[in-house]
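Keep the structure open as you read. We go through the fold, the charges, the rings and the backbone in turn.

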Amino acid sequence: MVRQIVLIKQLRKGMIVMKVRELVEKLDLEVIVGKSLDKEITGGYIGDLLSNVMAKARAGNLWLTIQGHQNVVAVALLTEVSAVIIVEDFDIEEEAVKKAEEKSINILRTPLSAYELAGKLFELGIK
Amino acid sequence: MGFILNEMQSSNPQMNAEKYSSNYKMRNTPCSSSNKLRTYKADLHVHTVLSPCADLLMTPGNIIKRALASGLDIIAITDHNSAENVEVTMELAKDTPLHVIPGMEVESSEEVHLLCLFNRVDDLLKWQEIVYNSLPDLKNDEDYFGYQLLTDLNDEYAARVDRLLAVATGMTVEEIVDKVTKMGGLVIPSHIDRPYNSIITNLGFIPPKLKFPLLEVYKGTNPQDLIKRFPFLKGYSFIKDSDSHYLDDLEPMMEFRIKKVSLEEILLAAREKDGRGIILKQVKR
């Protein structure tokens, strides 16, 4: 517990970087595709219009979306996000899952809304 | 010409469909057997008073009059997620030189708008059943969304559609393309360069496995400018429609050079087969 508080404090100061694997454990996220859970997280981006995500998401970001189209995988690959998190337990196309496995794109899922999840991410020091 | 109505009322849908289809393709084109190319001014994206966002003057009769006055030879009626004003429009247009292509503008689960066109109105109505089954069970609130009105042969308001039409269906773009194509229809993504409800905005790019023969650009867009912004559009063929919601919007934005009015001919024009083609009105920058 103490160690965790120290870690979070360090994280908030930007001293360490959290890996996707740790985030999955901390927030109990469902792993749909998790072939590269050692990727490091650098902030996040929320968006369902893929054209906007293409322009705005940064490498290492967590991308929170309700969009389950297979183009999500291509956009994730292009923007080099650390993981896609499907919020509100939205469906994701089978084809998207297959492509994500091929390209080792992490796809996670949560029943939380993007708003709730973003709040938790901030609490963890991911900004 | 007068027997379209009789056929629409026929109790045998199969016979109805065949006769209707051949009649539809032949009517108003006495030269169609001569295989000569002709130029048709066309607008494949027109909303009627059934679309909640359309003006109340967009009745089928008014649309036909204005379309003819503006020089159009072909229009497609494409209301949001419904086709209930298509038959009445075709019936009202049957003694005029205007060709009416049966259609609908469907909204996918990704909120992408897609024009779905058919040769035969009964195929469109079958498609409408599928769309209706895929819409959420919500009631239209006229104060928020607008009126969803059906009109009759006197061009008067006859009924309202209660279910909410201006909403996404549960079908993905892929599912819509797959189903409509299997039913003999043609899917054309609407206004691909619009900042909302467009395939490029909502999905970032066009899913490569979908082979769209045609894409619709917005009125004020020249495809060559768009290709500079989105190089993946290179090699596509384009149409340009008015997407009319008001009578004043109706004007020809393109011409088809085809032998007769059918989806097959439009597809051949997209490929510029044997002298056919699509000429878009250029806008000045």
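A residue counts as buried under 20% relative accessible area, as exposed over 50%, and as partly exposed in between. A:Glu116 comes out at 42%, so this residue is partly exposed. The model behind these values is predicted. A:Glu116 sits in helix H6 of chain A, which covers residues 114-123. This glutamate also belongs to a negative surface patch. The other members are A:Asp48, A:Glu88 and B:Glu111. Residues of a patch must have over 30% relative accessible area, and A:Glu116 meets that condition because its value is 42%. They must also be free of salt bridges.

Now step back to chain A as a whole. The chain contains 6 helices and 5 strands. Read from the N terminus, their order is α-α-β-β-α-β-α-β-α-β-α. The chain has 127 residues, and 48% of them count as buried.

Two spots in the backbone of chain A deserve a look. Most residues other than glycine have a negative phi. A:Asp28 is not a glycine, yet its phi is positive, at about 55°. Where does A:Asp28 lie? Its place is the loop between helix H2 (20-27) and strand S1 (30-33) of chain A. With 68% relative accessibility, A:Asp28 is exposed. A:Ser104 also has a positive phi, near 55°. This serine is in the loop that runs between helix H5 (94-103) and strand S5 (107-109) of chain A. Its relative accessible area is 26%, so A:Ser104 is partly exposed.

Next come the charge pairs. Side chains of opposite charge can pair when their charged atoms come close. How many salt bridges are there over all chains? The count is 17. In chain A, a network of salt bridges links A:Glu30, A:Asp89 and A:Arg109.

Turn to chain B. B:Asp73 and B:Arg38 form a salt bridge, with 3.5 Å between the closest N and O atoms. This pair links distant parts of the chain, 35 residues apart. B:Asp73 is in the loop between helix H3 (60-69) and strand S2 (74-80) of chain B, while B:Arg38 is in strand S1 (residues 38-46). Are the partners buried or partly exposed? B:Asp73 has a relative accessible area of 18%, so this aspartate is buried. B:Arg38 has 36% and is partly exposed.

B:Asp123 takes part in two of the contacts described here. One salt bridge goes to B:Arg120, with the closest N and O atoms 3.1 Å apart. Another joins B:Asp123 to B:Lys126, at 3.6 Å from N to O. Why are B:Asp123 and B:Lys126 separated by about one helical turn? Because they are 3 residues apart in helix H5 of chain B, residues 121-134. B:Asp123 is buried at 10% relative accessible area. Its partners are less covered by the numbers: B:Arg120 is partly exposed at 21%, and B:Lys126 is partly exposed at 48%.

Last, the rings. Over all chains, the count is 1 aromatic pair. The ring centres of B:Phe230 and B:Phe232 are 5.7 Å apart, and their planes meet at 50°. Planes under 30 degrees apart would count as stacked, and over 60 as edge-to-face. The angle of 50° fits neither, so the pair is tilted. B:Phe230 is buried, at 17% relative accessibility. B:Phe232 is partly exposed, at 33%.

Notes:
Residues numbered from 1 in each chain as written. Chains lettered and ligands numbered in written order. Predicted model: local features only at pLDDT ≥ 70, side-chain atom pairs only at ≥ 80, totals over all residues. Heavy atoms only, no water. Helix = DSSP H or I, 4+ residues; strand = E, 2+ residues; numbered from the N terminus. Buried < 20%, exposed > 50% of the residue type's maximum accessible area, 1.4 Å probe, protein only. Patch = residues over 30% accessible without salt bridge, like charges linked within 9 Å, V, L, I, M, F, W, Y side chains within 5 Å. Areas by Shrake-Rupley, 256 points an atom, 1.4 Å probe, with all protein chains shown as cover. Salt bridge = Lys/Arg side-chain N within 4 Å of Asp/Glu carboxyl O. Lys, Arg positive; Asp, Glu negative; His and termini not counted. Charge placed at Lys NZ, Arg CZ, Asp CG, Glu CD. Phe/Tyr/Trp six-rings, centres within 6.5 Å; stacked < 30°, edge-to-face > 60°.
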